[in-house]
Each structure stands twice: as C-alpha cells, then as structure tokens.
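I sat down with this one to look up a few charged residues and what they meet. These are my notes, in the order I took them.

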Amino acid sequence: MHKKVILFMLLFWGALSVLGQSPNTANLWGVFGQTRFVEKLNREHNLYYLYPTFQQSLRDLEGKELVLSGFYIPLEVGPTEALILSKFPMAECFFCGQSGPESVAVVYLKEKSSKRLKMDQIITVKGTLILNESDVNELCFILKEAKIIGYE
C-alpha cells in the first residue's frame with residue numbers, strides 16, 4: 001500500500017510539472033518555424049520582401065518573458081548589447097546558409113555581456129518576445145530587455 005501511494009504521488013507531481021510547463025520550456029524554434037512568409041512589394045524600397053504571418057499560438061507568446069537557446073552570431077566586434085541568436089551555426093544560418101528568417105532572432109540585452117562570446121557558441125537568453133510583421137530593417141523575432149542566463 002505504501003509503495004502505491006508513493007508511486008501515485010510521483011506520477012501526480014510528474015503530470016503537474018508537464019501540464020504546468022510555461023512557454024519558457026517550450027521548443028521556441030519549433031514555434032518560430034510555424035511562421036509562414038508572403039512576398040510583398042515594399043513601396044519605400046521598391047523591392048519585394050518576405051513578410052511574416054504569425055500563428056495565433058505565437059501571437060499568444062508576444063510580450064511574455066521567454067527563454068531561447070541558440071548559436072551566438074555577433075553583430076559587432078567586442079562587447080555589445082545586441083546579438084543574433086540562430087537555430088543553426090553560422091555556416092548554416094539565415095544570413096550565410098540555406099535557412100529561413102524563422103531560424104534567427106535578434107536579442108537586445110539589458111546590459112553588455114561581461115563574458116567574451118565566441119561565434120557559434122551556444123548561449124541561452126531570457127527576454128520579452130516582440131513580433132515584427134512590418135519593419136524590413138529588423139528581424140521577425142525580437143527578444144528585448146534580455147539577459148544571458150547560460151553558456152555552453
């Protein structure tokens with residue numbers, strides 16, 4: 001009887017931890033990957049650009065603090081408050097490889113990293129998700145007020 005109670009409690013706590021998972025533990029790259037893009041003429045630049053169409057599940061995450069891990073791609077040499085996080089290493093990323101715009105996010109840190117980061121280093125950041133549907137000078141996925149919370 002005692003073993004059954006312990007087993008039940010373990011299963012109950014396990015179920016609660018799975019049901020209570022926040023978007024912070026979700027596979028954000030998978031959610032980003034559900035984004036569809038439509039080619040439209042941008043009259044300001046007189047060029048065609050890919051504009052995102054966000055799923056409702058992604059829209060529901062906007063404005064929330066989320067955690068995202070990926071490959072560090074520098075925007076500048078030296079410490080900076082802005083960086084790119086990619087689902088893939090530099091050779092395969094959106095800018096240099098075959099991936100799409102759903103595989104990168106721009107991260108704006110609250111403060112410059114005190115640690116020297118290396119290209120393709122895997123880092124984990126926590127920040128507020130902003131979705132960009134219209135500014136062609138910015139990426140589709142933005143994490144603002146972010147902090148680096150893990151290094152590999």
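**K126 first.** I looked up how open K126 is, and its relative accessibility came out at 30%. Buried means under 20% and exposed means over 50%, so K126, at 30%, counts as partly exposed. Note to self: this is a predicted model, and every value here is computed from it.

**Its partner.** Which residue forms a salt bridge with K126? I found E65, with the closest N and O atoms 3.8 Å apart. A salt bridge needs the nitrogen within 4 Å of the carboxyl oxygen, so this pair qualifies at 3.8 Å. K126 sits in strand 6 and E65 in strand 3 (residues 65-74), so I wrote down that the pair links distant parts of the chain, 61 residues apart. Then I checked E65 for accessibility: its relative accessible area is 43%, so E65 is partly exposed too.

**How many salt bridges?** I wanted to know how many salt bridges a search of the whole structure finds. The count is two. Besides K126 with E65, there is R59 with E133, where the side chains meet at 2.7 Å, N to O. This pair also links distant parts of the chain. R59 is in helix 3, while E133 is in the loop between strand 6 (122-131) and strand 7 (141-151), and 74 residues separate the two.

**More on R59.** Helix 3 covers residues 56-59, and R59 is in it. Is R59 buried or exposed? Neither, really: its relative accessible area is 31%, so R59 is partly exposed. For E133 I got 37% relative accessibility, which means E133 counts as partly exposed as well. I also listed what R59 touches, leaving out residues up to four places away in sequence: F54, L131 and E133. The R59 and E133 side chains also make a polar contact, at 2.7 Å. As for L131, it is 72 residues from R59 in sequence, yet the C-alpha atoms are 7.7 Å apart in space.

**The strands.** Last, I looked up where strands 3 and 6 belong. Five strands close into a barrel in the order 3-4-5-7-6, with mixed pairing. On average, neighbouring strands of this sheet are turned by 55° against each other, direction ignored. I picked one pairing to follow: strand 5 (residues 104-109) runs parallel to strand 7, over three bridges. Which residue of strand 7 stands opposite V107? My last entry says L143.

Definitions and conventions
Residues are numbered from 1 along each chain as its sequence is written. This is a predicted model: local features need pLDDT of at least 70, side-chain atom pairs count only at pLDDT 80 or more; totals for chains, interfaces and linings use all residues. Side-chain values use heavy atoms; hydrogens and water are left out. Helices (H or I, at least four residues) and strands (E, at least two) are DSSP runs, numbered from the N terminus. Buried means under 20% relative accessible area, exposed over 50%, partly exposed in between (1.4 Å probe, protein chains only). Contact means heavy atoms within 4.5 Å. A polar contact is a pair of N or O atoms within 3.5 Å; within protein, one must be able to donate a hydrogen and the other to accept it, and residues adjacent in sequence count only if both atoms are side-chain atoms. Two strands pair if DSSP finds at least two bridges between them. Axes are lines fitted to C-alpha atoms, for helices over the stretch in contact, and angles run from 0 to 180 degrees between N-to-C directions.
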